[in-house]
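Please look through the report below with the sequence and the three-dimensional view side by side. It takes up helix packing, the nonpolar cores, a buried cysteine and a few points of the backbone.

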Amino acid sequence: MPSESLRFETLEALKNSPKGKLNYSPDWLEKGEDILAGCVEVSSLSPLSGQILKRLSPRPLLKTRSLSSCVRDTSPEVSEGLSAGASVPISPRQISSPPPSHACLIKRLEIQEESVVSPVASPPPAISVLSPRATQMAGCIRMCERKHKAKAKVELSLRLEQQERLVATVSSCESEQLKRYEELMELKQRQEYQSMRDMMEKETQESLGRQEKLREEHRHRMKILNLRLREAEQQRLREAELERQRQVEGRERHRAINAIQEEVLQLNQLLQPRPSTQTDPALDHTPYITRGNQLCSQVSDVVPASADGQFPSVEDLTVAERALQEMRSLVRNLQGEEAQAAERKRKEQDEEEEKKKRHEELKAQQEEQKKTAARSAKEKAKKEGLQTGADESTLKWYSALQDAANQCAQACDELSRAKDTQTKKLKMELQKAATTPVSQIANISGAPLKEAFEKIDKLLSSRPVTSAGKTVSASQHPQGLEFVSYKLAEKFVKQGEEEVASNHSAAFPIAAVASGIWELHPKIGELILAHLHKKCPYAVPHYPPMERGTSVEDYQKILGYRVDDSKVEGQDSFLKRMSGMIRLYAAIIQMRWPYTGKQGPHPHGLNHGWRWLAQILNMEPLADITATILFDFLEVCGNALMKLYRGQFWKLILLIYEEYFPRIEAVTSTGQMGSVTRLKQFLETSLRTKQIPVPKCELGSAFFKS
C-alpha cells in the first residue's frame, strides 16, 4: 500500500522537524542551560508533508490545508506549552535569584497542557477529511508528546527536588562556613588583642627595666661624683696642708737665715783685731777679715731674695749654714792663733806658773760650768717634757676634727629638726638603719659581723637597705648621707662608752667593723674621732684647762663627766666609761677588716697609738685617770706595739716604770690606789717576762672563717 511505504518518510520528516531536533541533557543544571532551549522556535511540519497528504486523500489540498492548519494550530500551542511548562534553567543572570518552587512549576505545566489539548478537542471541520490512518498517526504523535511531557515533568520535579536539596546543603555548608569564619575572626581578634596586651606588658616591663637601669646609672654617677668631690676636697686639703707646711717651713728657714746672718755678723766682729793683739806682729788678721767679709756678703745675697715675700729655699739655707760653719772655723782658727800668740807672750814674760794656775782654774771653772749647764739642761728638758696640756699640733688636730663634726651636724640640721610627719618618719627610719647594725655587733662569729658591715656600707653608699621590714636609702633626702654619717659615728662611740665598758670582749668586733667602714668611708673615721675626743678628751690626749668664766658643771662636762640636774656622776662610773672608750680606740688602731680587698696602710694605725703613748708621757699625770687609761691602753694594744717597735717599746715601758710611774704615785691619794696597783703589777710582770700577753678577747683568723 502507498501509505505503508510513506510511513517511514513521515517519521523521517518528523525527526528532521525543529521539534524532532529537540535535545535533552541531564546535566542542564550544572551547565547552566535551559531545559527546553530547543523549543524556542515554533515547530511546524516539513513542506513535503503536503505532498504526502495529496497521495493519501482524493482531496489533497483540503486535507493538506486542514492538516497544516491543524498542525500549525497545534504545534505552536504545544511548543508554547512545552516552553512554558518546562522550567528554564538558571541563566547566568538568574543565578543570584532563587528558583521557582516545585508546586508552582507543576501548576504551570498543567495549565499549558490544557491550553494545548483544548484546540485538539475541538478541531476545525476540515480535519475530518483525514483518513483513519492519519488520525491514528496524529494521535500516536500526541500520545508520544504527552509521554515525553509527563516524563519531562517527572524528571523536572526530580531535578527541582535535587536542586532544592543541593541549595539547602549549600546553604547549610555556607552557614557553617560563615559560623567558622566568624569564629576564626573572633579567634584572630582575641589573638591580636592578647598579642597587643603581651606587647604592651613587655614594653611596660622593658620601660620599667630601662627606668631602673637609668636610676642605677644615676646612683652610680652620683656615687662617682661624690667620690670625685671627696677626692677633690681631700686633694684641696692636702694642697692647703702642704702650702701651710711649706709656709711654716719657709718661715722657719727665714728665721734660721736671719739668725745665721746675725751670728755671722757677730763672728765677723770677732775677726777684727783687738788692742791686745795689734802689737803682735806674728798675728795677721787680714786674711781672716777678708774671708769673713766675703762670707758676710754671701749670706747677705741670700737674705734680700727672701725679704721680697718669697721664702728662702733649702739651697739658700744650706749656703747660709755653710757660710756660718766656715765663719765659725775662721773664728776658731783665729782664736787658736790668738791663744798661741798669748801663750808665746806668756812664755816670754816668764809667768808660766801663774799662767798654768790660771789655766787650771779656768779649766776647772769651765768643767763646773759644763756640769751645771748639763744639769740645768736636763732639768729644763724634764720640765719642758711634762706639760699640763697637749702640744700645739695636737690641739690643732683636735680642733679640726671638732670643726668637721660641727659642720656635719649643721649640714643635717634641717633633717634633725624636721617638723612635718613625713620627714620625721624618714629621719627615724634612717637613724634606725644606721644604729641597728652597730647594736647587733657581737663576738659570736664572723658572719653577723659581715652582715652588719654590708648593711652599713650600703647605707653610706646611698643604696637601699632593709631595716625593721622597711626599705630606706640615704638618697631619699638631700641631707640623708650627712645625717646617717653623724649618727653612725656617734653610735660607734656610744658602744665603746656603754657596751665595751661593761664587756671588754666587745671592743674587738666593734673595732673591726669600725676600721673597715673607716677604710671605705674616711669621713666616718674623722667623725668617730671627733665624737670620741668630745666624750673622752684623754683619747687625744688632752687635759682641758679650766678657762675663766667657765662654771664647775660645764668644766666637768668638758672633762668627760656626765652631769644631770647639777649632779655629777660618780668617779667609778666615770672611770668605767673612759676605760671602755680607751679600749675601743686601742682596738681600732690595731684591727683591720679582713674581708676588704685593699692592701694599703691602716687609716689610723699603730703609729697613732705610739704618738698617743708619747703624748701621755710628756704630760703631767692626773690622779686616778692617767693610771686607768694607761693600763687599759697597754693591756689592749701593748702586744701589737711590742711586735712593731720591739726595742724602742721596751725602752718606753722602762721609762714609764722608772720615771713616770713615781709621778703617778705622787699625785694619787690613798683611796685611789686600785688603778695604780694594777698598772704597777702589769709593768713589773711585763719587764720581768719581757713579754706582753695577747688580749684575751682578740679576734683570730678562725673567728672570721666561722
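## Helix 17 against helix 20

Where helix 17 and helix 20 cross in this predicted model, the crossing is right-handed. By class, the residues of this contact divide into 9 nonpolar, 1 polar and 1 charged. On the side of helix 17 the contact is made by Ala-507, Phe-508, Ile-510, Ala-511, Ala-514, Ser-515 and Trp-518, and these meet Arg-583, Leu-584, Ala-587 and Ile-588 in helix 20.

The two axes lie 8 Å apart, and helix 17 packs against helix 20, which covers residues 571–588, at an angle of about 55°. Helix 17 and helix 20 are therefore described as oblique to each other.

## Helix 17 against helix 16

Helix 17, made of residues 507–520, also packs with helix 16, made of residues 480–502; here the angle is about 165° and the axes are 11 Å apart. Because of that angle, helix 16 is roughly antiparallel to helix 17. The crossing of this pair is left-handed.

Which residues bring helix 16 and helix 17 together? From helix 16 come Leu-488, Phe-492, Gln-495, Glu-499 and Val-500, while helix 17 supplies Ala-507, Ile-510, Val-513, Ala-514 and Ile-517. Sorted by class, this contact holds 8 nonpolar, 1 polar and 1 charged residues.

## The nonpolar cores

The largest nonpolar core of the model has 101 residues, and those with the most contacts inside it are Phe-492, Val-513, Tyr-538 and Phe-633. Helix 22 gives the most to this core, contributing 12 residues. Two of the names in that group have already appeared above, since Phe-492 of helix 16 and Val-513 of helix 17 take part in the contact of those helices.

Phe-633 can be followed further: leaving out residues up to four places away in sequence, Phe-633 touches Ile-582, Tyr-585, Ala-586, Ile-589, Gly-609, Trp-612, Leu-613, Gly-638 and Leu-641. A second core, separate from the largest one, has 18 residues, among them Ile-257, Val-264, Val-299 and Leu-330.

## Cys-637 in helix 22

Is Cys-637 buried or exposed? Cys-637 sits in helix 22, which runs over residues 625–645, and because its relative accessibility is 0%, Cys-637 counts as buried. When neighbours within four places in sequence are set aside, Cys-637 is in contact with Ala-586, Ile-589, Gln-590 and Leu-606.

Ala-587 and Cys-637 are 50 residues apart along the chain, and their C-alpha atoms are separated by 6.7 Å. Ala-587 is also one of the residues of helix 20 that meet helix 17.

## Points of the backbone

Between helix 18 (522–535) and helix 19 (552–559) there is a loop that contains Pro-541, and the peptide bond leading from Val-540 to Pro-541 is cis, with omega near 0°.

Two residues that are not glycine have a positive phi, and they can be taken in turn. Ser-462, with phi near 60°, lies in the loop between helix 15 (446–460) and strand 1 (465–467); because its relative accessibility is 17%, Ser-462 counts as buried, the limit being under 20%. Arg-646, with a phi of about 50°, is found in the loop between helix 22 and helix 23 (647–667); because its relative accessibility is 59%, Arg-646 counts as exposed, the limit being over 50%.

Methods: Residues are numbered from 1 along each chain as its sequence is written. This is a predicted model: local features need pLDDT of at least 70, side-chain atom pairs count only at pLDDT 80 or more; totals for chains, interfaces and linings use all residues. Side-chain values use heavy atoms; hydrogens and water are left out. Helices (H or I, at least four residues) and strands (E, at least two) are DSSP runs, numbered from the N terminus. Buried means under 20% relative accessible area, exposed over 50%, partly exposed in between (1.4 Å probe, protein chains only). Contact means heavy atoms within 4.5 Å. Axes are lines fitted to C-alpha atoms, for helices over the stretch in contact, and angles run from 0 to 180 degrees between N-to-C directions. Angles under 35 degrees count as roughly parallel, over 145 as roughly antiparallel, 65 to 115 as roughly perpendicular and the rest as oblique. A crossing is left-handed if the near helix is turned anticlockwise from the far one by less than a right angle, and right-handed if clockwise. Ala, Val, Leu, Ile, Met, Phe, Trp, Tyr, Cys and Pro count as nonpolar, Asp, Glu, Lys and Arg as charged, and the others, Gly among them, as polar. A nonpolar core is a set of buried Ala, Val, Leu, Ile, Met, Phe, Trp, Tyr and Cys residues joined through side-chain atoms within 4.5 Å.
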